[in-house]
Amino acid sequence: MIPNTWYPVLETSKVGRKPVGLLRLGERIVLFRGEDGEIRCFHDRCPHRGVALHLGRIVGNELECPYHGFRFGDGGQCTAMPCEGRGARPPKGMAATVFTVREAHGLVWLWWGASARDLGLSELPEIPWFDGLATSTENTFGYAAEWPQNYVRTIEANFDAHHFPFVHRWSVFSSPGTRVDPIHVHERDAGFLVDLYLREDDGLPIEASRGQKLHVEIGFKAPSITCIGFLSMKLLLADCPIDDTHTWRYTRHHHDLVKVPLLGKALAWLLAVNDWNILQKRQDLPVAITQEPRAPVPGCDRLVRADAGIAAYLKLRRRMLDASRAYLPVLPPHVAARLVESTHRRLDVLPPEPEAAAAPFPQPSS
Ligand code: FES
Ligand SMILES: [Fe+2]
């Protein structure tokens, strides 16, 4: 998991006046909204005797443990220990571990990394998002699901256009052909854009071809948001690791097909239902879960030219992981532990020149 970045963890609408317990980034966390409307996030473990805090209740802006009623407020500090009497001052070490969270674009984002001060910044970086992508309009519909697959594998698939004519042979949107040509990757700030055509293979270069073609643009922003644009539609995918073998995925459909408000919403809903029930659950999933190894290891796959987006993602990922190792001494223990673990198991590390990258991938244009 790449440190010092924001991860989307849940839709904001799911956090109300009841604590929500979740497993994200391999950590048990609890989210709750105080009476001031702010969302807070703790490690879902009471420092007293280890029970799950999400079973407790919200009192004002604090969370009360279900076991002995200790309360935890801002900064995670314990503010009350009923067994010790009203005037008792809880010791400093009696504190829940706090995670920094923010609400943006209809999602809760969790900061996985060192503090702004330890990073030498005046404030934490901005939450990654795509310019011009509406957070909520009448022509959108979003839903979340758990995907039983390692999150690197899940994200890799976002750049895989040439599975469409095979895995989705029987779908509402049939592919115009099997050939990916041309395909270009443009580097962007903390991300990239894959620009490709999926088209009929008539043996001609695209300029001379009269065959059917589909233009697809796939934007990516680290660590885990993707925007796939084709025809008059955009598909936002926001992924977060649950653990090594499961991924939480939020999908939001945007379209520009009709401009009538209620009809637009209904169409976005239909697109989402088709996407999850047919394209993802019945067609993608049975194939995707057979991928070996379940979490990619160096050189495990032989990528080809049409996989340029996957190669760009793995390269960016490696670059960010390498850079983040310099911050190991200031990373919180749970974040540092995952980084060390990934290095040790070599799950997140690619060799300096992966075999696939030696293929003639298009060079970034900027
Ligand atoms: S275990 Fe939470 S108050 Fe005792
Ligand atoms: Fe698919």
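Helices (H or I, at least four residues) and strands (E, at least two) are taken as DSSP runs, numbered from the N terminus. In these terms, the predicted model can be described from the N-terminal region onward. An unreviewed UniProt entry places the feature "domain: Rieske" at residues 6–110. Over residues 6–110 the chain is 42% strand and 0% helix, and the C-alpha atoms at the two ends of this stretch are 5 Å apart.

The iron ion (ligand 2) is coordinated by H163 through NE2, by H168 through NE2, and by D284 through two OD contacts, at 2.1 to 2.5 Å. Along the chain, these donors follow the spacing H-x4-H-x115-D. Two of the coordinating residues, H168 and D284, link distant parts of the chain, being 116 residues apart. H168 lies in the loop between α2 (164–167) and β13 (179–188), whereas D284 belongs to helix α3, which spans residues 261–288. The 4 donor atoms around the iron ion (ligand 2) subtend angles of 55 to 152°, and the arrangement is therefore irregular. For four donors to count as tetrahedral, all angles would have to lie between 85 and 135 degrees. Both H168 and D284 are buried: the relative accessible area is 2% for H168 and 19% for D284. The value for D284 qualifies because buried means under 20% relative accessible area.

Aromatic contacts form a further element of the model, in which 11 aromatic pairs are present. One of them joins W109 and W129 in an edge-to-face arrangement, with 6.3 Å from centre to centre and 85° between the planes. This pair links distant parts of the chain, 20 residues apart: W109 is in strand β11 (residues 107–112), and W129 is in the loop between β11 and β12 (140–147). W109 is buried, with a relative accessible area of 0%, and W129 is likewise buried, at 9%.

A second pair involves the rings of F159 and F192, whose centres are 5.3 Å apart; their planes meet at 45°, so the pair is tilted. F159 lies in the loop between α1 (151–156) and α2, and F192 in strand β14 (residues 191–199), so this contact ties together parts of the chain that are 33 residues apart in sequence. Both F159 and F192 are buried. Ring pairs also connect these two residues with F220 and Y313, and the four form a cluster.

Notes
Residues numbered from 1 in each chain as written. Chains lettered and ligands numbered in written order. Predicted model: local features only at pLDDT ≥ 70, side-chain atom pairs only at ≥ 80, totals over all residues. Heavy atoms only, no water. Donors = N, O, S within 2.8 Å, 3.2 Å for Na, K, Ca; no water. Tetrahedral: all angles 85-135°; square planar, octahedral: opposite > 155°, others 65-115°. Buried < 20%, exposed > 50% of the residue type's maximum accessible area, 1.4 Å probe, protein only. Phe/Tyr/Trp six-rings, centres within 6.5 Å; stacked < 30°, edge-to-face > 60°. UniProt positions renumbered as here; feature names shortened; annotations may be inferred.
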